[in-house]
Amino acid sequence: MAKYIGLTIAALVGLGFLSQAQAEELCQGFGPQTPRDISQTAGLNTSSVSIAPSADKLNLCNIHTHTNAEHKGPGFTVFAGDGDHGGYKCNETADLTEAELAEPAGSAFHGVKPGDTIEVHWVHTSCNITPGEGLGSCLSDACANPQLRVEAQVFLVVNDPKALSFLDFDYDGNIVNGLHQAKSLPEGTGTPVTFIGSTTGPSFTQATCSPLQVTWSVNPQCAKLDINSLNAWAEKGNVFKEDHSHGIRQLVTAPELLAPISN
């Protein structure tokens, strides 16, 4: 390698001496990043960030979806590729029936079809806000550095009215003990894995990190969700102005960017 020291990183990648992943410079000075493989507990980023209160002690500020799963977990290990539309699929994807894969009557919610995997994020904040569009709804001029918590569930989307309905997990103006709350959160998909991370989405990579610090609670198994309920959610309108599923941020694997998981 010594004789190649004068070459640029790009040239070394081109010659095969470094992989693209090895050549990617990690962002410096940031807290732990997300998404991650929730089955792996190791991490070297020990930035001092406290775990946020439980979701029922915070205000729900936003609900949105990603196609496919951004995280990798025991129930969603099927790699869907690199890029903004990669991520992971539910393990049961190849076992769906013809009926479950049938095209639905409606198409109000875009970017999702039967057989797809989606990861849903219920974002909560310590700010005194009103739920709304995008993550900007989780902040305010009077509360610029809130505690943030995301409850995450990965769903396998099917055309089946007997599957779970997304409308059961909507906000729809629900207030409990003075706090904005989802009508319910998914249960029965394993003990959530809780850890410190960041915001996600395709604009971030291991070289371009998110500055926001987030407590994550990710359920480790998939559940089936009726696509007709997603279309109904979009058709009736929602305060989040969501009518499509978003792209994903590729898995963060550098130990320097991951917090250790204790649970």
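In this predicted model, the face of Phe 195 is covered by Arg 36 at 5.4 Å from the ring centre; a charge counts as sitting over a ring if NZ of Lys or CZ of Arg is within 6 Å of the ring centre and within 35 degrees of the ring normal. Residues are numbered from 1 along each chain as its sequence is written. Local features need pLDDT of at least 70 and side-chain atom pairs pLDDT 80 or more, while totals for chains, interfaces and linings use all residues, and side-chain values use heavy atoms, without hydrogens and water.

Turning to ring-ring contacts, the structure holds 6 aromatic pairs, where rings of Phe, Tyr and Trp (its six-membered ring) pair if their centres lie within 6.5 Å, with planes under 30 degrees apart called stacked, over 60 edge-to-face and the rest tilted. One of these joins Phe 109 and Trp 233, whose centres are 6.1 Å apart and whose planes meet at 45 degrees, so the pair is tilted. Phe 109 belongs to the loop between β3 (87-89) and β4 (117-125), and Trp 233, 124 residues apart from it, to helix α3 (residues 227-236); helices (H or I, at least four residues) and strands (E, at least two) are DSSP runs, numbered from the N terminus.

Trp 233 also pairs edge-to-face with Phe 166, at 4.7 Å centre to centre and 70 degrees between the planes. This pair too links distant parts of the chain, as Phe 166 lies in the loop between β5 (148-158) and β6 (175-176), 67 residues apart from Trp 233. Ring pairs thus link Phe 109, Phe 166 and Trp 233 into a cluster. Phe 109 is buried (under 20% relative accessible area, with exposed over 50% and partly exposed in between; 1.4 Å probe, protein chains only). Phe 166 counts as buried because its relative accessibility is 0%, and Trp 233 is buried at 0% as well.
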